[in-house]
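Colleague: I would like to learn how to read a few features of this model, beginning with its surface. Could you give the general idea each time, and then the case at hand?

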Amino acid sequence: SILVAIALAFALMCGAAWHISYAPIGAVLQAGGVSQASRADLVAEISQFLVDFYYLSMAVFVVGSIGIALLCVLKMSDFPRWFAIVSPILIQPVLQILSGQIAPPIGPALFVSSINVTTLIFFVLALCAPKTTTYRAN
């Protein structure tokens with residue numbers, strides 16, 4: 001269970017770092033004395049880094065979310081079994097489908113922020129969920 005917690009913490013840190021990584025693009029675009037071609041090359045390089053970083057953080061997020069669900073189902077956590085269905089990886093697709101039914105600008109905004117919203121829902125429910133102690137830690 002500690003590996004799942006580490007995976008989810010790492011995924012959250014990657015998400016924050018991913019958002020922060022947009023700052024260099026703004027700096028490059030505002031830089032003076034740099035040719036348009038050089039700016040385009042720098043932006044392309046930074047953008048590719050962001051894409052790679054996004055896939056890394058999403059992979060870790062998926063592993064952590066599945067891990068949380070498995071821990072709940074196998075009764076290896078303090079959460080009840082039903083809590084597995086609120087794992088972020090399970091409610092994110094539902095939220096994305098629902099966001100398609102909501103008019104702009106709320107629907108599209110909800111779609112692109114669905115990973116953040118589902119993580120928020122998960123942690124709020126984690127704070128409110130009844131805890132069980134039916135397992136024995138070794």
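Modeller: A patch is made of residues with over 30% relative accessible area and no salt bridge, and nonpolar side chains are joined into one when they lie within 5 Å. Please keep in mind throughout that this is a predicted model.

Colleague: Which residues form a nonpolar patch on the surface here?

Modeller: The patch consists of I66, L70, V73, L74 and M76, which together have about 460 Å² of accessible area. M76 belongs to the loop between helix 3 (36-73) and helix 4 (88-99), and M76 counts as partly exposed because its relative accessible area is 44%, where partly exposed covers the range between 20% and 50%.

Colleague: What is notable about phi of K75?

Modeller: Phi of K75 is near 55°, which is a positive value in a residue other than glycine. K75 also lies in the loop between helix 3 and helix 4, and with a relative accessible area of 38% this residue is partly exposed.

Colleague: Where in the chain is there a cis peptide bond?

Modeller: The bond that runs from P104 to P105 is cis, its omega being near 5°, and P105 is placed in the loop between helix 4 and helix 5 (106-112).

Colleague: How many residues apart along the chain are S1 and G67, and what distance separates their C-alpha atoms?

Modeller: They are 66 residues apart along the chain, while their C-alpha atoms are separated by 7.9 Å. S1 sits in the segment before helix 1 (2-20), and, since exposed means over 50%, its relative accessible area of 61% makes S1 exposed.

Colleague: Let us turn to the rings. How is a pair of aromatic rings described?

Modeller: Two values describe such a pair, namely the distance of the centres and the angle of the planes. Counting rings whose centres lie within 6.5 Å gives eight aromatic pairs in this model. One of them joins W18 and Y22, at 5.3 Å centre to centre and with 80° between the planes, an edge-to-face arrangement. Y22 in this pair is partly exposed, at 40% relative accessibility.

Colleague: Why is the pair of W82 and F83 edge-to-face?

Modeller: Their planes stand at 70°, with the centres 5.6 Å apart, and planes over 60 degrees apart count as edge-to-face, so the pair falls in that class. W82 is partly exposed, with a relative accessible area of 44%, whereas F83 is buried, at 0% relative accessibility. Both residues belong to one aromatic cluster, formed by F79, W82, F83, F122 and F123.

How values were computed. Residues numbered from 1 in each chain as written. Heavy atoms only, no water. Patch = residues over 30% accessible without salt bridge, like charges linked within 9 Å, V, L, I, M, F, W, Y side chains within 5 Å. Areas by Shrake-Rupley, 256 points an atom, 1.4 Å probe, with all protein chains shown as cover. Salt bridge = Lys/Arg side-chain N within 4 Å of Asp/Glu carboxyl O. Helix = DSSP H or I, 4+ residues; strand = E, 2+ residues; numbered from the N terminus. Buried < 20%, exposed > 50% of the residue type's maximum accessible area, 1.4 Å probe, protein only. Phe/Tyr/Trp six-rings, centres within 6.5 Å; stacked < 30°, edge-to-face > 60°.
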